[in-house]
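I opened this entry to look up two things: the nonpolar core and the aromatic ring pairs.

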Amino acid sequence: NLKAGTAYTVTYKNNTNVAGKNSTKAPTVTIKETGLNGSVAAKDKNTATYKFTITSATIKNDSVAKIAIQKYAGKAVTPQVTVKVNGRTLRKGTDYIVNFSGNAGPGTAIAEIKGIGNYTGTVGKAFTIR
């Protein structure tokens, strides 16, 4: 049985952001043979490097938490928005932006959440202002 760290090592590079395998900063994985208990001479050890693609994740309607009813206090209402994709809570300004409409007074308003960086997709989430 081959075990990572004993018979081989695996390292990754540029593997945290969206990128294509043909880009100048393509994500790569390198697998390097280390030999079982030093049984392979250094000159006979193999190394293989592969480029791969990281695609963006999509923000969907169910990625955005329901926005609670908001209280009108004489100015535009801009509630916090919680966005989660694949169990990860996203960061406003890094992973998504929010634009509001209809939020200047009581009634129904819309928070439009648009993915940026490693995220795509646009979701409109309605909320009530009383």
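Before reading accessibilities I fix the terms: buried means under 20% relative accessible area, exposed over 50%, and partly exposed in between. The model is predicted.

Entry: aromatic pairs. I looked up how many there are, and the structure holds 2.

I took Tyr12 and Phe52 to begin with. Their ring centres are 6.4 Å apart and their planes stand at 90°, so I log the pair as edge-to-face. Tyr12 sits in strand S1 (residues 8–13), while Phe52 is in the loop between strand S3 (47–51) and strand S4 (57–58). The pair therefore ties together parts that are 40 residues apart in sequence. I then checked accessibility: Tyr12 has 52% and counts as exposed, and Phe52 has 25% and counts as partly exposed.

I went on to Phe100 and Phe127. This aromatic pair is also edge-to-face, with 6.1 Å from centre to centre and 90° between the planes. Phe100 belongs to strand S7 and Phe127 to strand S10, so parts 27 residues apart in sequence are tied together by the pair. Buried or partly exposed: which is Phe100? At a relative accessible area of 22%, Phe100 is partly exposed, because partly exposed starts where buried, under 20%, ends. Phe127, at 2% relative accessibility, is buried.

Entry: nonpolar core. I looked up the largest one and found 17 residues in it. Those with the most contacts inside this core are Ile59, Val81, Val83 and Ile113. I also noted that strand S7 (96–101), strand S8 (107–115) and strand S10 (122–129) each supply at least two of its residues.

Definitions and conventions:
Residues numbered from 1 in each chain as written. Predicted model: local features only at pLDDT ≥ 70, side-chain atom pairs only at ≥ 80, totals over all residues. Heavy atoms only, no water. Core = buried A, V, L, I, M, F, W, Y, C linked by side-chain atoms within 4.5 Å. Buried < 20%, exposed > 50% of the residue type's maximum accessible area, 1.4 Å probe, protein only. Helix = DSSP H or I, 4+ residues; strand = E, 2+ residues; numbered from the N terminus. Phe/Tyr/Trp six-rings, centres within 6.5 Å; stacked < 30°, edge-to-face > 60°.
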